[in-house]
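Please take a moment to look over the sequence and the model together. The paragraphs that follow go from the overall fold to one pair of helices and then to a single residue.

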Amino acid sequence: MKNKSANWTSILPFLIFVGLYLFVGIFLTLSGNPKGFYAMPAAISVIVGIIFAFIIYKGTIDEKFNSLIAGCGDNNIIIMCLIFLLAGAFGSVTEKIGGVESTVNLGLRLVPSQFIVPGMFLIACFVCLGIGTSMGTIATIGPICITLAAKTGINPALLLGALLGGAMFGNNMSIIADTGIAITRILDVPIKEKFKVNIKTTGLAVIGTVLLYFFFGNTGATTISDIGGYNLVKILPYIAVLVISLMGVNVFVVLTLGIILAGGIGVYYGDFSILGFTSSIQTGFLNMFDVLIFSLLIGGLAAMVKDAGGIEWLNIKLRKIIVGQKSAQFVSMLLPGAVDASLANDTVTCVVTGPIVKDISDDYKIDRRKSASLMHTTVCVLQSILPYGAQILLATSLTSGKVSPIAIIPFLWYGFLALGISIITIFIPSKTSIKDSINEKNINRFSEKAVEPNPQ
């Protein structure tokens, strides 16, 4: 299916999916349904969108199936699903051996109650910075947030908001995150150079977020009582995962080693037998089933929308509003934002829109590092805010339906600050030297275009 007619009907299946998901979820929540957004699985909404895509897109049934399957089997989608499985297994095994309980109890003994929320945010920042995956960070720390909320009386949506914010910061700034690697490679910018530009925005957002969580983030907290004991050995898997990830080891290796270490500790302490260990791994896999199926289907629908010209239509519409450097930078945020809102996949969004942002940067003489920073921050923030995004769905799934995605959004303070500061930087002249190698390369390209003889 290669019908790139670039018209608004190309994105209609995604609009139907998003509209159905949001309408049903909001309606049931307002109607008092205890399951709210979980009453109808998100995957069903995606399937409805896929059905509409088969109906309205041109081409044979086989061509449409090929497009759908290619999207489901995209490398980025499969990698994400494997991370889901390993993260689920790690969370299940460490919980079974009492690692979560020990970590929480130790934290409750060491951290004053007024520092719990900002502390959780900072921990998530450092963990994700090291392992480079927001999903792994959420899966690892999420159960701790839920237990902390139960023991302290802090709103679980608030703690999960802090976790999501920290995970998005780490995903935005990590030099091993797939989104950062994709963006910098496509825009031909060294990832460390993007980091230097990006930290000016995210650093301010982190400081502001910590202060907000400290002064306003503990409403409803009660005195911590009945703190149980802890076993430092059972906390080792978390420490090992953090240390190894900070060494730059691949996330698959990190999570696999974490699972093996946790399993060995569990067998040694008699928490389970070797067969019980394998059963815990399987339980973790099954816990990720809903999110995994959703990711596969959303990848397939995204491919169909792209092949039908939906992404090209967005590109054409946004290009029309560019009148200068500032508006070009806005488009460098709007385009990835609009695509991510449609695809709900940050990595796919970066791959799809990266070449367009690169061209816009060159055409309007914008420092590519700044374009990469604006683009990456926008995608990371939106990915944490979308109520149908994988990150927020994973976080809320840990609560067994007690917290809806909508309930977390008001507490995503880091995302709102990072996005606001990024917009402000558009109006601030860059202090970067014009002799910078990246800009110099762009300027030389413009000069060549300027002296190129008119073929007519």
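**From the whole fold to one residue**

This protein, shown here as a predicted model, is built with 22 helices and zero strands. Of its 456 residues, 53% are buried, and the area that the protein exposes comes to about 19700 Å², with carbon and sulfur atoms supplying 67% of it. Among the contacts with a separation of 6 or more, 81% join residues that lie 24 or more positions apart.

One pair of helices can serve as an example of the packing. Two packed helices are described by the angle between their axes and by the distance between those axes. Helix α4, which covers residues 75–96, packs against helix α14, residues 289–307, at an angle of about 175 degrees, and their axes are 10 Å apart. Because an angle over 145 degrees counts as roughly antiparallel, α4 and α14 are therefore described as roughly antiparallel to each other. On the α4 side the contact is made by I77, I78, M80, C81, F84 and L85, while α14 contributes V291, L292, S295, L296 and G299. Sorted by class, the residues of this contact are nine nonpolar and two polar, with no charged residues.

A single residue gives a closer view. Q383 belongs to helix α18, which spans residues 368–385. Is Q383 buried or exposed? Its relative accessibility is 1%, and because buried means under 20%, Q383 counts as buried. Leaving aside residues up to four places away in sequence, Q383 touches M168, D340, A344, N345, D346, G389, A390 and Q391. With one of these, Q391, the side chain of Q383 also forms a polar contact of 3.0 Å, side chain to side chain.

Technical notes. Residues are numbered from 1 along each chain as its sequence is written. This is a predicted model: local features need pLDDT of at least 70, side-chain atom pairs count only at pLDDT 80 or more; totals for chains, interfaces and linings use all residues. Side-chain values use heavy atoms; hydrogens and water are left out. Helices (H or I, at least four residues) and strands (E, at least two) are DSSP runs, numbered from the N terminus. Buried means under 20% relative accessible area, exposed over 50%, partly exposed in between (1.4 Å probe, protein chains only). Contact means heavy atoms within 4.5 Å. Accessible areas come from the Shrake-Rupley method with a 1.4 Å probe; for residues, only the protein chains shown count as cover. A polar contact is a pair of N or O atoms within 3.5 Å; within protein, one must be able to donate a hydrogen and the other to accept it, and residues adjacent in sequence count only if both atoms are side-chain atoms. Axes are lines fitted to C-alpha atoms, for helices over the stretch in contact, and angles run from 0 to 180 degrees between N-to-C directions. Angles under 35 degrees count as roughly parallel, over 145 as roughly antiparallel, 65 to 115 as roughly perpendicular and the rest as oblique. Ala, Val, Leu, Ile, Met, Phe, Trp, Tyr, Cys and Pro count as nonpolar, Asp, Glu, Lys and Arg as charged, and the others, Gly among them, as polar.
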